[in-house]
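Visitor: Hi, could you walk me through this one?
Guide: Happy to, here it is.

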Amino acid sequence: MYNLFVNTRKIYSALCDEISKEIFLARVNASITGDCGFIESIPMQYRNLNADIQLFAHKLYEKNQYHLVVFGAGQNGQDLVFSLKKVPFFCFVDNNKKAEKDMRTGLPVYSLDEYKDKYDIENTKFVISVSDKVYVKQIIEQLKEEGVVEECIITIADWRNSSSQYFDLFTAREHEVFVDCGCYDGSTAFRFAAWCAEGGVTYDRIWSFEPDKNSFIKCKKILGALDKCELYPYGISNKAGKVGFCANGNENAHIIKAEVSEDALSEYIEVIQLDEFLKGERITFVKMDIEGAEYDALKGAAQIIKEQKPKLAISIYHTPNDIIKIPELLLELRPDYKFYIRHYSLLPNEIILYAE
């Protein structure tokens, strides 16, 4: 226990500004208590929110007489309700209703037809909680066909500040070499190239990794237009081998650390160790957003980190321990790293540790 306090103080001392310290303490308290209210209470001026998210927040918190209904009772919808306790959500509506009541939030769940029969749809605002943009468009059309006006449809299809996340705190240098772990749709690689161009520098190479088959196919088409970018269908871990993987074509596809389930979405993928795969390569910047596999992936990049001290942009919200374990590991490898933390969402997700 004593070591935990000592290491937590070391991490806190390595944080370089008040924004980082505020977010760090909120995340630690949320991890200890399980109460996401600590994160909800982070002042808006301490969050890096783009204009769309700020507009979403305004619509969500504005006073009105409408029922505020979450469309989508899955994980995203539950997280939205569970995290934003100050918002008076009324119920869930879901096209694939599986229960009368959501046990996590306590809110009732209706099909759209059931809701229409019971309540006045004209006095309802719908918050679409799903992140799949194709499905979001379908839901919007469905609601409009039922007479819901556009002003009463709130979308959060993009949960992140897509223009600056992973690049906020760094200055691009000549001959950057970028490692994108979990490239999903290829957009981060393009933003890296734009970040270099905005800084007036050229980059030498981009290494992109995406193990989900469907996402890999999309990335192959998209990244083919990007110069000096190589794409590989591998996951990242602390050692090479094969692991169970929940493949769904979405950004939450992830390595399964327990026994592989019989779920149709589960399969085996090949994972690599960055130290071995990139042996002899010069690396200046590593980004990891790999759904809870970041800690093991960083252990597999220990030599790169020790010897080259690349810039790092690492997600630290996927597991409760990430907020301590990941910066603790980095300080063991390079005690001279300095940290910043930024938060790109109204929810507990999209918290990024920057190390330089």
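**Confidence, sheets and helices**

Guide: A word of caution to begin with: in this predicted model, residues 258-262 keep a pLDDT under 50, pLDDT being the predictor's confidence in each residue, from 0 to 100. The model has four contacts beyond four places in sequence for residues 258-262, a contact meaning heavy atoms within 4.5 Å.

Visitor: What does the protein chain average in pLDDT?
Guide: The average is 88, and 90% of the residues score at least 70.

Visitor: Any ground rules?
Guide: Residues are numbered from 1 along each chain as its sequence is written, and side-chain values use heavy atoms, with hydrogens and water left out. As this is a predicted model, local features need pLDDT of at least 70 and side-chain atom pairs count only at pLDDT 80 or more, while totals for chains, interfaces and linings use all residues.

Visitor: OK, sheets. In what order do the five strands of the open sheet come?
Guide: The order is 3-2-1-4-5, with parallel pairing. Strands (E, at least two residues) and helices (H or I, at least four) are DSSP runs numbered from the N terminus, and two strands pair if DSSP finds at least two bridges between them.

Visitor: Which strands stand at the edges?
Guide: Strand 3 (109-110) and strand 5 (153-155) do; each has a single partner strand, so one side of each is left without a neighbour in the sheet. Strand 3 is joined to strand 2 (residues 89-93) by two bridges, and Phe92 has Val109 as its bridge partner.

Visitor: And the seven strands, what's their pairing?
Guide: Mixed, in an open sheet ordered 8-7-6-13-14-16-15. Its edge strands, strand 8 (229-232) and strand 15 (339-343), each pair on one side only. Strand 6 and strand 13 run parallel over four bridges, with Phe285 as the partner of Phe178.

Visitor: Switching to helix 8, which residues are buried?
Guide: Thr188, Ala189, Arg191, Phe192, Ala193, Trp195 and Cys196, where buried means under 20% relative accessible area, with exposed over 50% and partly exposed in between (1.4 Å probe, protein chains only).

Visitor: What do they pack against?
Guide: Strand 6 (176-181), strand 7 (203-209), helix 9 (213-223), strand 13 (285-288) and strand 14 (311-315).

Visitor: How far apart are the end C-alpha atoms of helix 8?
Guide: They are 16 Å apart, which agrees with the 16 Å expected for its 12 residues (187-198) at 1.5 Å a residue; the expected span is 1.5 Å times one less than the number of residues.

Visitor: What follows helix 8?
Guide: Gly200, with a positive phi near 70°.
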